[in-house]
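Trainee: I would like to take a close look at a single part of this model, with the reasoning laid out step by step. Could you go through it slowly with me once the structure is in view?

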Amino acid sequence: MRLNRILLSTVLVVIAMVVQVSVLARLHLPGAVPDLLLLTVLGLALTYGHVGGCLVGFFAGLLADIAPPADHAVGRYALVLSVIGYAAGLAKPDSGQLRTAAGPMLVVICAAFGTTLLYAGVGSLVGDTAGAHVGLGKLLFTAAIYDLLLAPFVVPLVMALARHFDHDPLTEDSAGGFGGSRPRTRWGRSGATGPRGMFGRTGRTVKITTLARGARR
């Protein structure tokens, strides 16, 4: 797990949480509240991959669970955002660069619906039905609208910051998350730089073998 990714994710998540609680939650918009924290997790997940998105989502959701004025069971939103972060990370572009805005916008819509449904489903399992009086259909519609309006300003910015502060933003470890790329074994004609060392199929090894055979003769 890279330190720069941990620090950047922490700063972005805390800023998103503060803005959402102190500004967006006080707008008293009909239906859902614009989920700036979710959009931040999506931006990081689309950059770091599914494992990184799951980790960021878990800690971001846990922060939302314990930060006032939270009125739901602790761990409820952490579970939801960890699942959403993992799923969003699977849509990470192979090249690390977004070619069109259609993909991220589709991820935002699916994440808005998925977050609302998972949050309501987990709440029904633990007996926490806060906000059920608003209506699930209205919550789904307003959550998708608000998140889509904020997404063009938040998701690209978060992804750009994540790439800027990452030394190798286009690669990730074998687990798909917060690690560096695995060292590649490069074979040259004068030697090898991998675990096989000079015992690989290199030009020098072939030359030494040929000379040894000539000396025997």
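Is S82 buried or exposed, and what is its relative accessible area? Please start from that residue and then place it among the parts around it.

Mentor: Please keep in mind throughout that this is a predicted model, and that every value below is computed from it. S82 has a relative accessible area of 11%, and because that value is under 20%, the limit for calling a residue buried, S82 counts as buried. The residue is found in helix α4, and once its neighbours within four places in sequence are set aside, its contacts are with C54, G57 and F58.

The last of these contacts leads to an aromatic pair, one of two that a search of the whole structure finds. F58 and F59 are paired edge-to-face, with 5.2 Å from centre to centre and 80° between the planes. F58, which S82 contacts, is partly exposed at a relative accessible area of 36%, whereas F59 reaches 54% and is exposed. The other pair is made by Y77 and Y119, whose ring centres lie 5.9 Å apart with the planes at 85°, so this pair too is edge-to-face. It links distant parts of the chain, since Y77 belongs to helix α4 (residues 76-89) and Y119 to helix α5 (residues 102-126), 42 residues apart. Y77 itself is buried, with a relative accessible area of 9%, and it lies in α4, the helix that also holds S82.

From Y119 in α5 one can move on to the packing of α5 with α2, whose axes come within 11 Å and cross at roughly 130°. That angle falls outside the ranges for roughly parallel, roughly perpendicular and roughly antiparallel, which run under 35, from 65 to 115 and over 145 degrees, and α2 and α5 are therefore oblique to each other. The crossing in which α2 passes α5 is right-handed. On the α2 side the contact is made by L38, L39, L42 and L46, which meet P104, V107, V108, A111, A112 and T115 of α5. By residue class, this contact holds nine nonpolar residues, one polar and no charged.

Helix α2 (residues 36-48) also packs with helix α1 (residues 3-22), their axes coming within 8 Å and crossing at roughly 160°. Because an angle over 145 degrees counts as roughly antiparallel, α1 and α2 are described as roughly antiparallel to each other. Here again the crossing is right-handed, with α1 passing α2. From α1 the contact draws on R5, L8, S9, L12, V13, A16, M17, V19 and Q20, and these meet L36, L37, T40, L44 and Y48 in α2. The residues of this contact divide into ten nonpolar, three polar and one charged.

To set these parts in the whole, the chain has seven helices and zero strands, and its order along the sequence reads α-α-α-α-α-α-α. Of its 217 residues, 40% count as buried, S82 and Y77 being two for which that assignment has been given above. Among contacts between residues at least 6 apart in sequence, 72% join residues at least 24 apart, and the pairing of Y77 with Y119, 42 residues apart, is one link between distant parts of the chain.

Definitions and conventions. Residues are numbered from 1 along each chain as its sequence is written. This is a predicted model: local features need pLDDT of at least 70, side-chain atom pairs count only at pLDDT 80 or more; totals for chains, interfaces and linings use all residues. Side-chain values use heavy atoms; hydrogens and water are left out. Axes are lines fitted to C-alpha atoms, for helices over the stretch in contact, and angles run from 0 to 180 degrees between N-to-C directions. Helices (H or I, at least four residues) and strands (E, at least two) are DSSP runs, numbered from the N terminus. A crossing is left-handed if the near helix is turned anticlockwise from the far one by less than a right angle, and right-handed if clockwise. Contact means heavy atoms within 4.5 Å. Ala, Val, Leu, Ile, Met, Phe, Trp, Tyr, Cys and Pro count as nonpolar, Asp, Glu, Lys and Arg as charged, and the others, Gly among them, as polar. Rings of Phe, Tyr and Trp (its six-membered ring) pair if their centres lie within 6.5 Å; planes under 30 degrees apart count as stacked, over 60 as edge-to-face and the rest as tilted. Buried means under 20% relative accessible area, exposed over 50%, partly exposed in between (1.4 Å probe, protein chains only).
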